[in-house]
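Student: I am new to this one. Could you walk me through the reasons behind the terms people use for it?

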Amino acid sequence: MDYVENILGTIGNTPMVKMNKLTAELPCLVLAKYETFNPGNSVKDRMALQMIEDAEAAGVLKPGGTIIEGTSGNTGMGLALAATIKGYKMICVISDKQSKEKMDILRAVGSEVHVCPTDVAPEDPRSYYSTAKRLATEIPNSWYVNQYDNPSNCKAHFLSTGPEIWEQTDGKVTHFVVGVGTGGTISGVGSYLKMKNPKVKIWGVDTYGSVFKKYHETGVFDEKEIYPYITEGIGEDILPLNVNFGVIDGFTKVTDKDAAIYTQRLAKEEAMFLGNSAGAAIKGLLQLKEHFNKDDVVVVLFHDHGSRYVGKMFNDDWMKAQGFLE
Ligand code: PMP
């Protein structure tokens with residue numbers, strides 16, 4: 001018989017899939033690390049489990065405890081799965097710009113969901129950062145995860161995603177391109193790949209309205225870079241500790257419109273039904289075209305599944321209302 005003890009045993013070991021039509025103009029091999037095969041349909045299952053197990057080991061998460069996190073959905077899903085298996089209560093604090101599907105999914109897997117306004121500063125008491133922190137002080141036996149600054153986030157990718165990419169490419173990977181939010185994925189995978197081969201180039205995909213690219217290029221945290229945007233999952237108005245700028249070679253920014261259009265194109269042209277940050281990632285990769293040569297092996301990571309975006313990027317009325325489609 002061939003089985004795992006519970007659903008958490010299916011996290012990781014995701015497939016690598018060759019890109020064909022969308023990247024036809026590039027001279028190199030482009031491979032997608034396809035993270036929707038995780039049980040919560042996103043890469044975030046990996047770091048959610050790592051953060052919980054590290055908190056248990058450190059004694060900050062105790063039996064019967066409540067896990068609290070400010071999450072755009074995928075981390076909440078990963079945490080909720082692990083919470084269910086391990087017997088914890090889960091509370092997700094989410095901003096109101098996130099899709100309704102994501103909120104419904106979190107409730108479906110047993111999480112309580114608190115919705116907070118998006119367009120307030122992180123230090124505002126109404127923000128989801130502040131609300132999550134406040135709940136953690138009010139609820140007894142609770143633990144605030146803080147995926148932005150929790151080192152187990154990056155560690156999960158150093159221990160699993162990075163080694164998988166190295167092995168699946170027989171060590172031939174030359175570039176890694178990925179959207180950046182908390183920074184856990186790029187920093188964990190980036191450090192692992194650079195440890196194995198310092199010549200591997202690590203590219204972050206950022207969004208307009210986020211501080212990462214400017215900060216990486218100038219060292220200046222420029223508040224003028226911050227404004228509301230539509231793209232989900234990537235970009236920040238803070239500098240999370242999980243972004244290790246030292247392993248990142250550069251950032252490229254993708255517009256909301258391009259990210260949405262390329263999310264649709266991935267589904268229509270590659271039969272890859274993926275989330276909005278995958279559209280941003282593949283468009284970002286195409287923008288980096290002049291960096292790639294014939295023998296290069298470029299790996300892009302696709303974070304989450306398209307089902308969470310059916311009311312948005314996969315809805316043409318919504319696309320027209322944003323001015324993204326004629
Ligand atoms: N895409 C999606 C859909 C996400 O949920 C996230 C996490 N915020 C990211 C990309 C960025 O990943 P990371 O937080 O590891 O930088």
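Tutor: Happily! Let us start with a definition: a crossing of two helices is right-handed if the near helix is turned clockwise from the far one by less than a right angle. Keep in mind that this is a predicted model.

Student: Which helices cross in the right-handed sense?

Tutor: Helices α5 and α6 do.

Student: What makes α5 oblique to α6?

Tutor: Helix α5 (residues 151-168) and α6 pack at an angle of about 50°, and their axes are 7 Å apart. Angles under 35 degrees count as roughly parallel and 65 to 115 as roughly perpendicular, while the rest between them are oblique. That makes α5 oblique to α6.

Student: What does α6 contribute to the shell around the ligand?

Tutor: Helix α6 (residues 184-196) gives three residues, the largest share of that shell. In total, 16 residues surround the ligand, with G181, T182, T185, G233 and S277 the closest.

Student: How do you know which residues belong around the ligand?

Tutor: A residue counts if its C-beta atom, placed from the backbone, lies within 6 Å of the molecule. By class, the shell has 12 polar, three nonpolar and one charged residues. Gly is among the polar ones in this scheme.

Student: Now the sheets. Why do β1 and β9 count as edge strands?

Tutor: Six strands form an open sheet, ordered β1-β2-β10-β7-β8-β9, with mixed pairing. Strands β1 (16-18) and β9 (250-254) each have a single partner strand, so one side of each is left without a neighbour in the sheet.

Student: How do you know that β7 and β10 pair?

Tutor: Two strands pair if there are at least two bridges between them. Three bridges join β7 (residues 175-179) to β10 (residues 297-302), and these strands run parallel, so the pair meets the cut-off. H175 stands opposite V298 in β10.

Student: What is the strand order in the open sheet of four strands?

Tutor: The order is β5-β4-β3-β6, and the pairing is parallel. Here β5 and β6 (142-144) stand at the edges, each with a single partner strand, so one side of each lacks a neighbour in the sheet.

Student: How many bridges link β4 and β5?

Tutor: Five bridges link β4 (residues 89-95) to β5 (residues 112-116) in the parallel sense. Among the bridge partners in β5, C116 goes with S95 and V115 with I94.

Student: Why is the crossover from β4 to β5 called right-handed?

Tutor: With the strands pointing away from the viewer, a clockwise path from the first strand over the helix to the second is called right-handed. The chain passes from β4 through helix α3 (residues 100-108) to β5, and this β-α-β crossover is right-handed.

Conventions. Residues are numbered from 1 along each chain as its sequence is written. This is a predicted model: local features need pLDDT of at least 70, side-chain atom pairs count only at pLDDT 80 or more; totals for chains, interfaces and linings use all residues. Helices (H or I, at least four residues) and strands (E, at least two) are DSSP runs, numbered from the N terminus. Axes are lines fitted to C-alpha atoms, for helices over the stretch in contact, and angles run from 0 to 180 degrees between N-to-C directions. Angles under 35 degrees count as roughly parallel, over 145 as roughly antiparallel, 65 to 115 as roughly perpendicular and the rest as oblique.
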